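Could you walk me through this model in my viewer? Please tell me what to select at each stop and what I will find there.

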Amino acid sequence: MDATTAPHRIPPEMPQYGEANHIFELMQNLLEQLLIQQPKDPIPFMIKHLQRDSDYVPKIVILGPPASGKTTIAMWLGKHLNSNLLSVESLIAKEYSSLAADARTHYQKFQTLPDVLLVRLLQERLREEDCIRRGWILDGIPETREQALLIQTLGVSPRHVIVLSAPDTVLIERNLGKRIDPQTGEIYHTTFDWPPESEIQDRLIAPAGISEGETARRLLEYHRNMVRILPSYPKIVKVITADQPCVDVFYQALTYVQTVHRSNAPFTPRVLLCGPVGSGKSLQAALLAQKYGLVNVCCGQLLKEAVADKSKYGEMIRPFFEKETAVPSYIIMKVLGQRLDQQDCVERGWVLHGFPRDRDQACLMDSMGYKPNRVFFLNVPFDSIIERLTLRRTDPVTGERSHLMYKPPPTMEIQARLLQSPKDSEEQIRLRMELFYRNSAELQEFYRQAITLNGDQDPYTVFEYIESGVINPLPKKVPGLRAKEYPPGEQS
Amino acid sequence: MEANSSREIEARNYLEKHRIMELLTYLTSALLFFRPEKPREYLIPILEQLRTAKVSGVAFPFFMDNSNIAAMFQMLDSSNKGSISFIQYKEALKTLGLCTADEVLKDDGHGITCEKFMYEVNKKTQEICGKTKGKDSESYRSAAELLLLH
């Protein structure tokens with residue numbers, strides 16, 4: 001077997017770099033745009049695309065029945081994400097466009113727009129510089145399946161589609177209370193969203209077409225169309241129930257829009273589990289290792305193995321074990337580094353727990369080049385930890401471990417002879433837990449993209465949360481977002 | 001159905017005509033090898049160079065030069081007998097992106113020696129340079145010759 005057909009040793013810096021800079025997605029977006037637009041001169045096109053750097057601008061479609069609050073949500077999202085809001089009205093009202101003028105005359109005569117004309121208007125608008133640079137939010141477009149297909153053939157595809165849904169009775173009632181401010185175009189409601197200033201109150205008018213019959217007719221048409229539009233966007237639809245306060249709908253929509261969809265990028269998980277003693281780190285690590293084939297690296301275990309093997313590092317560690325003091329970080333790092341550099345860890349990925357315990361250790365690990373790409377903090381309240389650990393017992397004859405509450409021993413005979421490890425006494429546990437919490441704030445600051453989980457649930461629930469954290473890409477924060485202020489422009 | 005497949009065929013032809021996949025593979029390899037801090041800013045000058053190379057025939061930095069080709073040959077010829085088998089030769093050309101999977105190459109029964117390997121690789125690279133659309137593919141080819149450091 002010659003060197004070119006043997007498995008390649010890829011230096012681990014390459015996949016780490018690829019993941020950190022999202023190279024796969026970069027190339028995928030580039031290729032997508034090349035295939036959709038098929039420019040005559042691909043190289044200048046690629047240069048322009050790279051310079052624009054608009055891969056992650058918002059491309060959102062908001063659909064929903066009349067009176068669901070689409071326009072309100074769309075406007076708030078537009079302000080928050082600093083993006084352009086496009087609706088049928090705004091497209092028709094455009095100046096300096098012959099297409100828009102045609103559309104206006106058509107709309108005045110027939111009250112509707114032919115699909116082709118609407119889609120061409122949309123295409124024209126989306127080609128403008130500000131839509132390319134800041135993204136777009138479509139409010140209520142596409143209205144029918146034909147429009148959806150036409151938009152697709154143009155190569156316009158949204159990244160997130162939000163569908164608002166609510167029971168028809170709620171919507172009909174809601175629509176009766178709809179009021180519009182003719183000056184600003186903002187939508188208010190007699191019951192849910194009444195403006196405080198009396199001058200706005202005075203000038204509000206009820207828009208046309210909000211009677212019960214009218215709303216019912218529009219709802220019927222909406223349902224007929226929506227069923228056929230949804231299959232066009234198979235994986236990117238999120239249905240949010242509109243039968244809740246506007247602010248909640250907005251928050252759900254915003255969180256969804258900030259999630260990044262899974263891509264086909266190659267990904268080797270390098271998971272770090274942090275948590276106080278008894279939070280379930282070893283169990284979760286074992287589950288992860290079993291299901292995804294990762295290598296389970298338990299730091300304490302590694303050190304004990306080194307001592308037992310009487311290796312060079314083992315000899316260095318043994319005096320610390322004998323004196324029962326903490327092993328210094330640089331020795332741990334050496335042993336750990338040796339393990340993480342082995343081929344199976346590099347290829348399959350690893351799950352690490354038990355190290356680092358504080359900020360200095362984390363910095364040391366980072367500087368040696370072992371950067372985890374998913375970090376989880378398991379939070380468990382003190383009482384649960386006490387319950388989990390103080391009831392642990394070991395059978396001295398068989399070596400089997402049991403738990404008086406979760407996995408009681410099968411017979412009374414066995415129970416009589418069970419022993420408790422001295423490390424599981426309450427004071428010991430309290431000491432170790434306090435040690436962890438002293439350092440955890442710094443650790444959380446160091447690992448900024450860490451995910452915090454409630455560890456006080458049954459192991460398989462916690463495992464599911466960890467799984468979804470590992471598999472889904474980390475949410476991408478839109479630049480310039482002010483997280484605490486919502487909805488924009490309103491004083492709470 | 002018909003319309004879908006014809007657009008797909010159109011798209012594939014476009015990719016082949018402009019050799020997009022090879023270009024993207026080259027860019028990705030460059031990024032992963034050099035690992036610049038800002039990938040986009042790194043890629044833009046490379047593409048600019050390519051653009052001017054096509055237009056003006058100025059030399060374009062290739063990934064492999066003659067010493068690389070010789071090193072590759074030595075890797076293939078692990079038992080040092082001085083020649084490689086025809087199958088190895090075909091695989092090597094595929095890895096370099098110089099021949100497609102179904103191209104038929106003639107097998108003259110003897111092994112491929114190092115000189116023949118280098119000669120074939122250079123010839124194919126120049127053929128490809130000649131095929132890509134440039135204002136002046138002649139001058140581009142001769143510029144590429146200069147660069148394949150003899």
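Start in the largest nonpolar core of this predicted model, which has 53 residues. Select Leu77(A), Leu122(A), Trp136(A) and Ile162(A): these have the most contacts inside that core.

Now stay on Ile162(A) and show its surroundings. Leaving out residues up to four places away in sequence, Ile162(A) touches Val61(A), Ile62(A), Leu63(A), Leu77(A), Lys238(A), Ile240(A), Ala253(A), Tyr256(A) and Val257(A). For a second stop, pick Leu272(A), Leu340(A), Tyr370(A) and Phe377(A), which are among the 30 residues of a separate core.

Next, switch to a cartoon view of chain A. Here you can find an open sheet of five strands, paired in parallel and ordered 2-3-1-4-7. At its edges are strand 2 (84-87) and strand 7 (237-241) of chain A, each with a partner on one side only. From one strand to the next, the twist averages 20 degrees.

Select residues 59-63 and 160-165 of chain A to see strand 1 and strand 4, a parallel pair joined over four bridges. In this pair, Val61(A) stands opposite Val161(A) of strand 4.

Finally, color chain B by pLDDT. Its average is 71, with 61% of the residues scoring at least 70. Which elements of chain B have the lowest and the highest mean pLDDT? Helix 7 (residues 137-147) of chain B is the lowest at 45, and helix 2 (residues 20-34) of chain B is the highest at 88. Across residues 133-150 of chain B, pLDDT stays under 50, and the model has 34 contacts beyond four places in sequence for this stretch. Where pLDDT is low, the predicted coordinates should not be read in detail.

Note on methods
Residues numbered from 1 in each chain as written. Chains lettered and ligands numbered in written order. Predicted model: local features only at pLDDT ≥ 70, side-chain atom pairs only at ≥ 80, totals over all residues. Heavy atoms only, no water. pLDDT = per-residue confidence, 0-100. Helix = DSSP H or I, 4+ residues; strand = E, 2+ residues; numbered from the N terminus. Contact = heavy atoms within 4.5 Å. Pairing = 2+ DSSP bridges. Axes fitted to C-alpha atoms, helices over the stretch in contact; angles between N-to-C directions. Core = buried A, V, L, I, M, F, W, Y, C linked by side-chain atoms within 4.5 Å. Buried < 20%, exposed > 50% of the residue type's maximum accessible area, 1.4 Å probe, protein only.
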